[in-house]
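Okay, thanks everyone for squeezing in. Let me put the model up and then talk you through it.

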Amino acid sequence: MTSIIRIISLTTFWIIEKIIRKVDKHRPWVLKEPRLCLTFNLWKNKLESPLIIKMYRNPLEVAMSLNKRNSFPLGFGMALWEKYNLDVINSTRGMPFVAI
């Protein structure tokens with residue numbers, strides 16, 4: 001099982017490096033995808049000089065939007081907001097950022 005996990009990890013890092021090399025040709029570049037905070041720890045060390053832009057949205061507004069779009073219960077939407085925001089805080093600690 002460990003060797004399978006290692007192969008998956010190596011493949012993931014290879015894909016990450018390939019993507020970064022491709023977009024690096026077009027500096028500066030920006031990615032806007034809230035779900036990236038969930039995997040940022042996997043690839044942040046591959047970035048040369050990242051600047052993090054932290055977008056703040058009211059958690060209730062996010063939960064209501066998720067409820068309308070995906071029929072998620074408000075409590076679940078609030079929990080997602082908390083999970084994403086904690087991941088952003090933890091994975092970008094000590095990195096330069098702008099808060100909006």
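I'll go through the pockets, and then two residues in one helix.

One thing up front: this is a predicted model.

So, pockets. The largest pocket holds about 1600 Å³ of space. Its lining runs to 39 residues, and the ones nearest the centre are L31, K32, E33, P34 and I53. Where does the rest of that wall come from? Well, α1 (2-24), α2 (40-43), β1 (52-54), α3 (59-70) and α4 each put in at least two residues. Which of them gives the most? That's α4, with 7 residues. As for chemistry, the lining of this largest pocket splits into 25 nonpolar, 5 polar and 9 charged residues.

Now the second largest pocket, at about 170 Å³ of space. Here I can just read you the lining: I16, I19, I20, V23, W29, L31, L36, T39, L42 and W43. The elements with two or more residues in there are α1 and α2, and α1 has the largest share, with 4 residues. By class we get 9 nonpolar and 1 polar, with no charged residues. Keep an eye on L31, by the way: L31 lines this second pocket, and L31 is also among the residues nearest the centre of the largest one.

Okay, back to α4, since that helix gives the most to the lining of the largest pocket. I picked two residues from it. Let's start with S91, which sits in α4, and the helix covers residues 74-91. Buried or exposed? S91 is buried, because its relative accessible area is 2%, and the cut-off for buried is under 20%. What does the side chain do in there? The S91 side chain reaches back to the backbone oxygen of D87, at 2.7 Å. And if you skip the neighbours within four places in sequence, S91 is in contact with C37, F40, N41 and K44.

The other residue is G75, also placed in helix α4. G75 has 53% relative accessibility, so it counts as exposed, the cut-off there being over 50%. If you want a distance for orientation, take L60: G75 and L60 are 15 residues apart in sequence, and their C-alphas are 9.3 Å apart in space.

So, to put that helix together: in α4 we have S91 buried at 2% and G75 exposed at 53%, and the helix supplies 7 residues to the lining of the largest pocket. That's my bit, over to you for questions.

Key
Residues are numbered from 1 along each chain as its sequence is written. This is a predicted model: local features need pLDDT of at least 70, side-chain atom pairs count only at pLDDT 80 or more; totals for chains, interfaces and linings use all residues. Side-chain values use heavy atoms; hydrogens and water are left out. Buried means under 20% relative accessible area, exposed over 50%, partly exposed in between (1.4 Å probe, protein chains only). A polar contact is a pair of N or O atoms within 3.5 Å; within protein, one must be able to donate a hydrogen and the other to accept it, and residues adjacent in sequence count only if both atoms are side-chain atoms. Contact means heavy atoms within 4.5 Å. On a 1 Å grid over the protein atoms alone, a cavity is a set of points where a 1.4 Å probe fits but cannot get out, and a pocket is an open set with protein on both sides within 12 Å along at least five of seven lines; lining residues have an atom within 4 Å of a point. Grid points are joined across faces, edges and corners, and a volume is the space filled by probe spheres set on the points. Ala, Val, Leu, Ile, Met, Phe, Trp, Tyr, Cys and Pro count as nonpolar, Asp, Glu, Lys and Arg as charged, and the others, Gly among them, as polar.
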